[in-house]
Every structure is written in C-alpha cells, then in structure tokens.
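Dear colleague,

I am handing over the structure we spoke about, with its sequence, so that you can look through it before reading my notes. Please keep it open beside this message.

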Amino acid sequence: MLLVLSEEHKEHLGFLTQVESSVVSEFGRIAMEFLRKGTNPKIYEGAARKLNVSSDTIQHGVEGLTYLLTESSKLMISEIDFQDTVLILGFSEGLNALLLQLYLDNRKEIRSILSELEPKLPSYHSLEWRLDVQLASRSLRQQIKPAVTLKLHLNQNGSQTTRILQTDPATLLHLIQQLEQALGEMKTNHCRRIVRNIK
C-alpha cells in the first residue's frame, strides 16, 4: 500500500534534496525528538543558521519527514511500498536508501509513541437491564408507558465505572438496528481492508 502525500508535503520534503545526507540524518534525529518531546524552536533556528535558510524551511522539512515516518509506521507499510512512496518524490537513490533505513530503524519506536498518544477509552464489561411499564396513574386510569433502564458497567484504566441510561423501547430498537447495520458494514471487503491496514 502506497502512502499518498499532498503537494504541500512533497514541497516540504523537497528541501531534503538540497542538503547532504548527514543533514538528512540529523533531520531524522530531530524528527524523532519532535515525536518524543514536542517541538523545539531553538533547534530549528540553530540548523537554519548553519544551512543559511529560514527556520520555517527547516521546520517544514522536519515536519514533512515526521509525517512521512509516522504515517508509514502507523500503516506498517512494507519496505517495498515505502521505497515506492519515496520514489514518487524523485529523490536520489542514496537519499531513498537513507530514508528507508531511517524508517526501518525507528518504526517500532514510532508505533509505541503513537500508541501512548491514543486516547484511553472505556471498554464494555457487562450490562444489566430492567423493563418498567407504567399501567396507570391518578390522572389516567389506562395507559401503557414502557421504559427500559440500562446499567452499563465499563472498564477504564483498571477501574470500573457505571453508567445508567433510560430510554423507551422504540429508541432502543432503533439503536439496535443501527448497531446491527454497523456490524454488517464491518463484514464488507472495504472495511476489512481498512481494518487490516490499521493493524
């Protein structure tokens, strides 16, 4: 699977062709520091002075390289697909090999950094439910007013939380239909392909 880069990213990465391979390696180190600790304008300014370009150019080059590495790592694209992606950029063979080595050396660490950044959402543990039906009240002698009460137990960060929800049966049926439709969508070839690429 090839990584599709926008024209803006291609422009940002185009700066790598104007510098030596040692500078590209340094950009790779800066990109990894950017992922670990966040942005540092002083590094961009120092590199800009050494290379006689604006700090924005350096920042765009590092961000373009960071995007290339993170997206490739996120999708776990193969060596061949990475080479084909970089080949589209029109880089020299030496630069292509350097970028490939940078990707191969850092993809596991990038994936672990990205997994730490993803939000920790609660997960399902169990569900209790009860059906209440009001048959009459003081003002109305004959009425049927059903309500479904759900007690949802969730796991989050090792602790258990509880949510209580109440709805009428018509809304609950609609919700069930929507969930079944979503499960049906997950069985399509298109969704399976997406899920395979996410893993």
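Below is what was found, going from the chain as a whole to an annotated region and then to two single residues.

Please bear in mind throughout that this is a predicted model. The protein chain holds eight helices and three strands, and, read from the N terminus, six helices come before the three strands, with two further helices after them, in the order α-α-α-α-α-α-β-β-β-α-α.

As to overall form, the radius of gyration of the protein chain is 26 Å, whereas a compact globule of 199 residues would have a value near 16 Å. The C-alpha trace spans about 85 × 40 × 30 Å along its principal axes, which you may wish to compare with the view on your screen. Of the 199 residues, 28% count as buried, and the accessible surface of the protein chain comes to about 13800 Å², with 54% of that area belonging to carbon and sulfur atoms.

Turning to contacts, if one takes those between residues at least 6 apart in sequence, 56% of them join residues that are at least 24 apart. The protein chain carries 23 positive and 23 negative charges, and the mean positions of these two sets lie 12 Å apart.

One region comes with an annotation: UniProt, in an unreviewed entry, lists residues 123–190 as "domain: COMM". In the model, the chain over residues 123–190 is 29% helix and 49% strand, and the C-alpha atoms at the two ends of this stretch are 25 Å apart.

Two residues deserve a separate note on their backbone angles. N52, which is found in the loop between helix 3 (41–51) and helix 4 (55–75), has a phi near 60°, a positive value in a residue other than glycine. Is N52 buried or exposed? With a relative accessible area of 70%, N52 is exposed, since the cut-off for that class is over 50%.

At M76, which lies in the loop between helix 4 and helix 5 (79–87), phi is also positive, at about 50°, although this residue is not a glycine. M76 counts as partly exposed, because its relative accessibility is 38% and that class runs between the 20% limit for buried and the 50% limit for exposed residues.

With best wishes

Definitions and conventions. Residues numbered from 1 in each chain as written. Predicted model: local features only at pLDDT ≥ 70, side-chain atom pairs only at ≥ 80, totals over all residues. Heavy atoms only, no water. Helix = DSSP H or I, 4+ residues; strand = E, 2+ residues; numbered from the N terminus. Rg over C-alpha atoms; globule rule 2.2 N^0.38 Å. Buried < 20%, exposed > 50% of the residue type's maximum accessible area, 1.4 Å probe, protein only. Contact = heavy atoms within 4.5 Å. Areas by Shrake-Rupley, 256 points an atom, 1.4 Å probe, with all protein chains shown as cover. Lys, Arg positive; Asp, Glu negative; His and termini not counted. Charge placed at Lys NZ, Arg CZ, Asp CG, Glu CD. UniProt positions renumbered as here; feature names shortened; annotations may be inferred.
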